[in-house]
Amino acid sequence: MNRILTGQDMKKIDRNTIDYYGIPSLVLMERAALGVANEVMIREFINKEKVLIVCGTGNNGGDGLAVGRILLSNNVDVKMVIVGDYNQFSVETKKQYEILVKLNGPIVFYQEESFYHLVNEADVIVDAIFGVGLSRDIKGIYKEVIQTINGSKKYVIAIDIPSGIDANSGKVLGISIKANQTIALSAYKLGQVLFPGHEYCNEIKVIDIGIPLEAYKKIDKNIFTMSKLTQDMLPTRKPRSNKGSYGKVLVMAGSKNMSGAAYLSGLAAYRTGVGLVHIVTPEDNRIILQSQLPEAIITTYEFNNGCIEQNHMEKIKQAINNVDVIVIGPGLSTEIDAKTLLIETIKHGKVPLIIDADGLNIIAKNKDILKNHQQPIIVTPHPGEMSRLMNEPVQIILDQLIEKAMNMSEQHNVITVLKDSNTVITSPTRDIYINLSGNNGMATAGAGDVLSGVIGGLVAQGIETFKAAYTGVLIHGLAGDKAKESKGYYGMIARDIIQNIPEVMK
Ligand SMILES: NC(=O)C1=CN([C@@H]2O[C@H](COP(=O)(O)OP(=O)(O)OC[C@H]3O[C@@H](n4cnc5c(N)ncnc54)[C@H](OP(=O)(O)O)[C@@H]3O)[C@@H](O)[C@H]2O)[C@H](O)CC1
Ligand SMILES: [K+]
């Protein structure tokens, strides 16, 4: 797990490290600079490249000057430009500047014309203009500088965060550096994982700068990202076992002549390792599902005057209490029978419930359905579904992913998996998780059905619901990344994600 901090929390932790633990800020700055300099020096042709470091007057600029000094000692061809005045320097940055002056370092203050030439002759540009201290829209010479750097199309390495991205929200404050690589100091910043900031960072690497773990204990809400799938996140496979050992998933999905969602969700659960998948769907889907997924048990229902036949409903109620987890909603429709299924399942089911797609659309119109539920519930809305659930415009959901996911969790006592390019996972009481795996090729029909099946598969195998939610999102994203490797962004479809689940979980 990697920690994600707001810019404000990072500053608080910094201060705490310096003031309470007594680690001098210049020591942290030196560690930061060494880490960044190492990243620059591992470039394959660095002995032939010219590096230009563009520094602001705050501590991000101080990091940049210290990187310059270290590169000089390693015979790298480096030049430094300071944007801003001497009297604006922070204490640490002034120190870095004075050291460089004594060393006769190649350092100049910004001038439009000479800057243009410096950028032109550089191969690599290090962006040290603003870090987490950016506090308002960028204007004037700072804007010119960023325009020139972006226009040059040179390879850009941003220190901590691309200058122009708000570390708390990921918003672009007027204009921002577009980095090829971002070296995050100590921890990910929220602005690096939320959009649009995430796009401006490109490849992100977190480096340790010596902040003690104790110092992180002061923050109110922990946010993490799962980067790697580790064995301890997965269900255990026992040497002596049978299909009963790995749980049963009930998938309530599909509507008249809409069988694809049930198939994808059921197959995804099987590929995640579950022992048995039981599908409940309208009779019209029986033949096709039996031939597509012969491994599944299928219970079907028919209608009488638009309602599910009484004896079929009884069969469904029995199924509800004979499984370990229920996935409800994919392709279900929002007709009256679907609504009945959802209400009855919440009322009679005792096992964890994953509500997706049409299940959420039904709830959006009948919020009371979620009142007083007894079982753990995971909801998996995309921003459109979330907008209907919360009665708020999609743009507000997109701008406030974490807050809205938290609101949903707290209002309805559910685990929320708010699906976006970087999916957010919340619960009323636990830490917040943000997923960084996956890619835009996964914006394809059926990908959501696959996710509900994966999470269901994990819960059925005994993984605790919140852990299953974030682990499922990670597996789904990693499988999507593998699918992209073979099929590319354009050609991949939901089944390709499923096909790669076994590889990811191996
Ligand atoms: N993570 C760590 O533990 C460490 C991080 N370090 C580095 O320090 C920066 C944060 O440094 P800080 O000095 O707080 O902030 P910045 O360097 O990002 O910039 C602050 C200065 O910029 C001015 N400012 C802010 N917004 C604008 C703007 N839009 N236009 C012009 N100027 C702006 C601000 O002025 P104020 O008037 O707002 O005060 C400051 O002068 C962090 O990101 C790391 O890179 C350290 O190395 C130590 C360890
Ligand atoms: K920066």
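Does Thr423 count as buried or exposed, and how many C-beta neighbours does Thr423 have inside 10 Å? That was my opening query on this predicted model. I got 25 C-beta neighbours inside 10 Å, so Thr423 counts as buried.

**Entry 1: around Thr423.** I placed Thr423 in the loop between strands E19 and E20. Then I listed its contacts, leaving aside neighbours within four places in sequence: Val417, Leu418, Asn435 and Val473.

**Entry 2: Asn422.** I moved to Asn422, which sits in the loop between E19 (415-418) and E20 (424-426). I counted 20 C-beta neighbours inside 10 Å for Asn422; the cut-off for buried is 20 or more, so Asn422 counts as buried. Not counting residues up to four places away in sequence, Asn422 touches Val193, Leu194 and His198, along with Ile434, Asn435 and Leu436. Asn435 turns up in the contact lists of both Asn422 and Thr423.

**Entry 3: the record.** I checked UniProt next. Its unreviewed entry puts the feature "binding site" at Lys419, Asp420, Ser421, Asn422, Thr423 and Gly448. These positions span 30 residues in sequence, but no two of their C-alpha atoms are more than 13.9 Å apart, so they gather at one spot.

**Entry 4: ligand 1.** I pulled the shell around ligand 1 and got 32 residues, with Gly58, Asn59, Asn60, Gly131 and Gly133 the closest. By type, I have 13 nonpolar, 14 polar and 5 charged residues in that shell. Helices H1 (7-19), H2 (25-41) and H3 (59-73) each give at least two residues to the shell. H3 has the largest share, with 5 residues.

**Entry 5: H3.** Given that share, I looked at H3 itself. H3 runs for 15 residues and reaches 21 Å from first C-alpha to last, close to the 21 Å expected at 1.5 Å a residue. I found H3 mostly covered, with 12 of its 15 residues buried. Among the buried ones are Asn59 and Asn60, which I had already noted as among the closest to ligand 1. The buried residues of H3 pack against helices H2 and H4 (91-102), and against strands E2 (50-55), E3 (77-82), E5 (124-128) and E6 (155-159). After H3 comes Asn75, and its phi is positive, near 60°.

**Entry 6: Leu264.** Which helix holds Leu264? I found Leu264 in H9, residues 260-271. I count 30 C-beta neighbours inside 10 Å for Leu264, so Leu264 is another buried residue. Not counting residues up to four places away in sequence, Leu264 touches Gly446, Asp449, Val450, Gly453, Ala494 and Ile498. I also took the C-alpha separation of Leu264 and Ile369: 26 Å, with the two positions 105 residues apart along the chain.

**Entry 7: the whole chain.** I finished with the overall picture. The domain assignment gives domain 1 (2-224) and domain 2 (245-379 + 446-505). Their centres, over C-alpha atoms, are 46 Å apart. I tallied 19 helices and 21 strands in the protein chain. The C-alpha atoms fill a box of roughly 90 × 45 × 40 Å along the principal axes. Of the 506 residues, 50% count as buried. For contacts with a separation of 6 or more, I get 72% between residues 24 or more positions apart.

Note on methods:
Residues are numbered from 1 along each chain as its sequence is written. Chains are lettered from A and ligands numbered from 1 in the order in which they are written. This is a predicted model: local features need pLDDT of at least 70, side-chain atom pairs count only at pLDDT 80 or more; totals for chains, interfaces and linings use all residues. Domain bounds come from an automatic or database domain assignment. Helices (H or I, at least four residues) and strands (E, at least two) are DSSP runs, numbered from the N terminus. Two residues are in contact if their C-beta atoms, placed from the backbone, lie within 7 Å. A residue is near a molecule or strand if its C-beta atom, placed from the backbone, lies within 6 Å of it. Ala, Val, Leu, Ile, Met, Phe, Trp, Tyr, Cys and Pro count as nonpolar, Asp, Glu, Lys and Arg as charged, and the others, Gly among them, as polar. UniProt positions are given in the numbering used here, feature names are shortened, and annotations may be inferred rather than shown by experiment. The expected span of a helix is 1.5 Å times one less than its number of residues.
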